[in-house]
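Please read the following account with the sequence and the coordinates open beside it, since it moves from one chain to another and then to the places where the chains touch.

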Amino acid sequence: MSVQASPIATTSSTRRALDRLTWTIAPGVPFVIVLLIWIAATDILQPSKETLPPVSDVLWSIKELALSGQLATNVVASLYRLLLGSILGIITGLIGGVIVGLNRKLAESLNPIVVFFNAISGIVWLPLMITWLGIGTALAVFLIWNTVFFIVFQNAALGVQLVPEVYEQSVRALGGGRWHTMRTVILPGALPYILTGVRTGLGFGWRALIAAELVGAATGLGTMIFDAAEYHRSDIIVAGCLIIGVIAIAMDRWLLLPIERRTVRRWGLVADAEKER
Amino acid sequence: MAQPQKPAKRRSLWTTADGRRFIAGAAVLAVILYGQTVYGMATASGRLDPSLRNATGPSNVIVVLDFMPDRFHNERVAQYGTFAGRDGSLNRMRLRYVSPEKLRALSEVAWISRIEPIK
Amino acid sequence: MSVVGAEHVPAARPMPVVTGWAVAARQLRGVKILFPFIVLVAIWWAIQAVGNFPDRVLVSPQRVFDTMVLLVSRGVIAEYVSTSLKIIGIATAISIVIGVPIGFAVGANRYAARSLEGFLRFLQGVSGIAWLPLIIIWFGFTHTTTLAVVIYTLIVPIIFNTMIGARAIPEHYGLALRSLGASRLRLITDVYLPGALPSIVVGLRLGMGYGWRALIAAEMLVRQGGLGDLIFGARTSGQIDRIIGGMIIIGTLYLLIDRLLVQPIENLTIARWGVLRK
């Protein structure tokens, strides 16, 4: 527990229950506040539907999109690309990261290149890739791969490098082969970092995907927003943004975080508070 | 905070490696942002035709570039006066009613080759 | 343990003092950094020479270099680079001025911090670019729009990290100073600000990484100058040399800002005030 400044510690059970209640509902508060401001602004300022769509319009368009199946189509299209690009990125990032992590000289010589390409990862490749790959799934998959790869790569390399050498050496001394050492020492040891990399990478990948769809106009959620913009349908724009955010949070909290926690806990590896990011 | 300490070594930006790196970075940034502007200002006198040096009222000039202009360059030049067509070739642009201040500013643009009066 | 996001690569060792051996060592290190790039350019050149691709698909390194030199001499690069740098600069300044106080104000209270944390995560999930169409409707195709998107992207990590930094300060520091009679202002300047500063600077560095990318992306849509506009516009006219040249400039500029400006600040701050474990 943190060191609270209250000199008198009243730990009645009601107080604790109240604390717990506040703790649970706290995350919802800003959303409620924003909602209230939104409703108030719509009422008082009476902006055009274009500038600030009313809450009801946004909810209505969400319902419409869901019913017409458009929402599902776009979400699935986006997620499919995310999945494809991410799997490629994770596999290549893992392989690359482990190889580089094991080989110090290689890591040092490749480092400048990795840093540079990391600096231009993602959307910066868009113009070049549109020229080479055209607009479509290949483009989006490349951009996601690019984003995810560098993150997983760096985290995997870091994780491998940080596995204390003594573990590896002791297993080798007892007669373990290269592959055996890899499986039992290095990979589990690097796992927390790898999983953090996967989790971070997917978050970045999702955002890069939306950016790519907006600018490159393939199909998916980004395109849905982009098309809506052409017709000045701000309600769809806002609806799309909210859905993007919800998917991002859902993906992170309910899919990736549990995977990370459970795997790390299973192996009894040290997980720390930074994971929450 | 037990033992008395020697006075701390004076650490200005110069003494640390990171400080030097920052100064180098700031210098590079300054050159990137202002290098060409400064160069333009330094070479301004060579650019402006002598007869235009002491213009007191609006002048009519020909802006000469030593390359074929992009739309980018046309747009920038047109901001200094009233665009009045080309003077023979595409890289010679006529500008009318260029005020003395705009003329001076025009003479400081690094990628302009010469500014001649319209004869 | 720090999450390796986009930019967290171990910092280079500080430069050795100027002696004979050390000079040689420094030169060697410069070569070591450049060597992989030389190899890369050589591979690029080879691919282009052998593959004989049409100009609208791939051009040689020489051609890219020539084109870039040309564009620099014609003032194009200077202006586009200036636009991008100015926007990121202003966005950074505004984000710090607004974000740090918010981070402190909210970080002070456990419940407020937990409140805002979830909201910030949500905002981060909806990238600034997703809001871009709406912001274009508000501000049009102007630099204000680009600036708004970059600020949105930059400010979230700054607020986040300010909150973390503020919360990590052990409470007895502040209490000790208060008991000695320090005013509220003193408290801020002598305890909270220095204490949170390392974390804030880390947040700044992260934010600038995200912000730079958001800037390029926004410029591609808003098309009012800037490097994103440069490379996206070059695509329509099939000018691969400009696209590749622009990409190299984008990467190099970011590295310049990050390694020569922001990272030194981070190191100096940590050296001076930090108990931050990297």
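In chain B of this predicted model, residues 24 or more positions apart account for 62% of the contacts that have a separation of 6 or more. The chain has four helices and four strands, and, when it is read along the sequence, these elements follow the pattern α-α-β-α-β-β-α-β. Of the 119 residues of chain B, 21% count as buried.

Chain A can be described in the same terms. There are eleven helices and zero strands in chain A, so that its pattern along the sequence is written as α-α-α-α-α-α-α-α-α-α-α. Among the contacts in chain A between residues at least 6 apart in sequence, 74% join residues at least 24 apart, and of the 277 residues of this chain, 39% count as buried.

The next subject is chain C and its contacts, beginning with those to chain A. Here 50 residues of chain C are in contact with 57 residues of chain A. On the side of chain C that touches chain A, at least two residues each are supplied by helix H1 (20–51), helix H4 (110–125), helix H5 (128–139), helix H8 (184–222), helix H9 (227–236) and helix H10 (240–273) of chain C. Of these elements, H4(C) gives the most, with nine residues. By class, this side of chain C has 37 nonpolar, seven polar and six charged residues.

Which elements of chain C give two or more residues to the side that touches chain B? The contact itself takes 17 residues from chain C and 18 residues from chain B, and the elements in question are H3 and H10 of chain C. H10(C) gives the most to this side, with seven residues, and H10 of chain C is also listed among the helices that supply at least two residues to the side touching chain A. The residues of chain C on the side that touches chain B divide into twelve nonpolar, four polar and one charged.

It remains to consider the confidence of the prediction. The mean pLDDT of chain C is 85, and 88% of its residues reach 70 or more. Within chain C, confidence is highest in helix H3 (residues 76–107), at a mean of 94, and lowest in helix H7 (residues 171–179), at a mean of 78; helix H3 of chain C is one of the elements that give two or more residues to the side touching chain B. For the complex, the predictor gives an ipTM of 0.84 and a pTM of 0.86.

Note on methods: Residues are numbered from 1 along each chain as its sequence is written. Chains are lettered from A and ligands numbered from 1 in the order in which they are written. This is a predicted model: local features need pLDDT of at least 70, side-chain atom pairs count only at pLDDT 80 or more; totals for chains, interfaces and linings use all residues. A residue is buried if 20 or more other C-beta atoms lie within 10 Å of its own, exposed if 12 or fewer, and partly exposed in between; C-beta atoms are placed from the backbone. Two residues are in contact if their C-beta atoms, placed from the backbone, lie within 7 Å. Ala, Val, Leu, Ile, Met, Phe, Trp, Tyr, Cys and Pro count as nonpolar, Asp, Glu, Lys and Arg as charged, and the others, Gly among them, as polar. pLDDT is the predictor's confidence in each residue, from 0 to 100.
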